[in-house]
Amino acid sequence: MLKYIKRLSPVRSIALGFLATIFIGSILLILPWSVKEGVTLKYIDALYTATSAVCVTGLVCVDAGDTFTPLGQFFLVVLIQIGGLGVTSIGAGLIILMRKKIDIRGRHLIKEASNLDSGKGTIKFVKSVFLLTITIELIGALLSFIVFVQDYPPLKALWISIFHSIAAFNNSGFDILGNFQSLIPYQTNILLNLVTCALIFLGGIGFLVIKEVIHKKFNWKKFSMHTCVVLSVSLVLIVVGTVLLKLTENITWLGAFFQSVSTRTAGFSTYSIGEFSNAGLLVIIILMFIGASPGSTGGGIKTSTFFVLLQGIKSAATNKSEKAFHYSIPSESFRKASVIILVGLTIVFTGSYLLLVMEPNIRFIDAFFEMTSAFGTVGLTTGITPALCTGSKILSIFMMYIGRLGPLTVISLWYFTKGDRAEYPYGNIAIG
């Protein structure tokens, strides 16, 4: 068994690592000490919750605050942290803490999991990721505590603040406030809204971008193309999302801004999503599908993929080369982006179809919203999640798992051959 695991490709090792963490987490969550007295938790619901936590989604069929004891909530937040940082990074961090060396295969796993260009400096990168994570989450917890301590006893407020900060930074929409209310009671609290948005944004742009911004002292001219793309697309999506949601829904500008930030990956809400108009739900679906950025704690097709697709379309329409921020975009990038988006759409539409087959009473917009949320590891719902049948929950589990790994990773899991041995002449095919 050990020899088989060692022969696995990095992609399959990462996939199995997430899978193992999900099953271990489901067992921990269903323990008698994890569930509140008088509450019955089915294994499928424990598995669903564990998957949602490890895949940093936030979709829930049982409320975390009403169902789990402090121990169960601790297990849940650990799963969220593991899911956000990645199984590989957590494993590497533990090895470093034990002062043991990480072999070449381990370094390669870290490189693949973290979207690094090379295997050099992987140990230094892991250390910086942990330091950044702890620092940002502590600051977030302290600022959140200022708000929560006004409504809860100090110790409980502290725990809620820590849980909330970890969930927000890891772009997971879990909360322990109870009654499936998310952050609706705090929809007018400016401090908590802004702190949560900051945590979500930092977690969503990725550790590589955060490190570069700090290292190059916020000097835009010195940023790499990747950082410029991630920051510019993220900010544009936030602004556009805010304006569109304000135009379609009867919410405040603060609420529109918060939902625009949270919608892309986090899944927190300050308004009932089920009461949004179809136009508003469509805006949210598009933002959820695009998602966060590569190397971040969020899901979706990623901001850079969306940017490359737009540049490729522009290039095809104007017959000019693909350029951005004084850099040329590699020709292979457009092909890769097209594949990711096509596969992503296929997964979402297939999931929506299967959900509608199993849940014939659900509206199409609700099913499409639910599957996009699961695929984008967002966690928002129009309210149908708790009432889903077992088959639908299993479908959603698969969608969250696929969304966390990413479309290309899922495809590469089934790739066995090393390439074509024969070459063929190019043929002509009409396009458009």
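**Exercise 1. In which loop is F180 found?**

This is a predicted model, in which local features need pLDDT of at least 70, side-chain atom pairs count only at pLDDT 80 or more, and totals for chains, interfaces and linings use all residues. Residues are numbered from 1 along each chain as its sequence is written, and side-chain values use heavy atoms, with hydrogens and water left out.

*Solution.*
Step 1. F180 is found in the loop between α9 and α10. Helices (H or I, at least four residues) and strands (E, at least two) are DSSP runs, numbered from the N terminus.
Step 2. The phi of F180 is positive, about 50 degrees, although F180 is not a glycine. Most residues other than glycine have a negative phi.
Step 3. With a relative accessible area of 44%, F180 is partly exposed. Buried means under 20% relative accessible area, exposed over 50%, and partly exposed in between (1.4 Å probe, protein chains only).

**Exercise 2. Compare F180 with V56, and state the setting of V56.**

*Solution.*
Step 1. V56 lies in the loop between α3 (43–54) and α4 (64–67).
Step 2. V56, a residue other than glycine, has a positive phi near 40 degrees.
Step 3. V56 is buried, because its relative accessible area is 0%, whereas F180 is partly exposed at 44%.

**Exercise 3. Describe the packing of the two helices that flank the loop of F180.**

*Solution.*
Step 1. Two packed helices are described by the angle between their axes and the distance between the axes.
Step 2. The axes of α9 (residues 154–169) and α10 (residues 190–205) come within 7 Å and cross at roughly 45 degrees. Axes are lines fitted to C-alpha atoms, for helices over the stretch in contact, and angles run from 0 to 180 degrees between N-to-C directions.
Step 3. The angle therefore makes α9 oblique to α10. Angles under 35 degrees count as roughly parallel, over 145 as roughly antiparallel, 65 to 115 as roughly perpendicular and the rest as oblique.
Step 4. On α9 the contact (heavy atoms within 4.5 Å) is made by H164, S165, A168 and F169, and on α10 by L192, T196, L199, I200, L202 and G203.
Step 5. By class, this contact has six nonpolar, four polar and no charged residues. Ala, Val, Leu, Ile, Met, Phe, Trp, Tyr, Cys and Pro count as nonpolar, Asp, Glu, Lys and Arg as charged, and the others, Gly among them, as polar.

**Exercise 4. Which residues of helix α11 are buried, and how does α11 meet α12?**

*Solution.*
Step 1. In α11 (residues 207–215), the buried residues are F207, V209, I210, E212 and V213.
Step 2. Their cover includes α5 (70–85), α8 (122–148), α9, α10 and α12.
Step 3. The axes of α11 and α12 come within 10 Å and cross at roughly 105 degrees, which means that α11 is roughly perpendicular to α12.
Step 4. V209, E212 and V213 of α11 make the contact with H226, T227, V230 and L231 of α12. These residues divide into four nonpolar, two polar and one charged.
Step 5. K217 follows α11 and has a positive phi, near 55 degrees.

**Exercise 5. Place V229 in its surroundings.**

*Solution.*
Step 1. V229 is in helix α12 and counts as buried, because its relative accessibility is 6%.
Step 2. Leaving aside neighbours within four places in sequence, V229 is in contact with S304, F307 and F325.
Step 3. V229 and S293 are 64 residues apart in sequence, while their C-alpha atoms are 9.5 Å apart in space.

**Exercise 6. How do α16 and α17 pack?**

*Solution.*
Step 1. Helices α16 (residues 331–358) and α17 (residues 364–375) pack at about 130 degrees, with their axes 9 Å apart; α16 is therefore oblique to α17.
Step 2. Residues of α16 including G344, I347 and V348 meet residues of α17 including F364, A367 and F368.
Step 3. This contact has ten nonpolar, four polar and one charged residues.

**Exercise 7. Which residues touch the most other members of the largest nonpolar core?**

*Solution.*
Step 1. A nonpolar core is a set of buried Ala, Val, Leu, Ile, Met, Phe, Trp, Tyr and Cys residues joined through side-chain atoms within 4.5 Å.
Step 2. Of the 115 residues in the largest core, L29, L76, I80, F174, F268, I284 and F369 touch the most other members.
Step 3. Helix α12 (residues 225–248) supplies the largest share of this core, nine residues.
Step 4. Not counting residues up to four places away in sequence, F369 touches I273, L281, I284, I285, M288, L380, T381 and T382.
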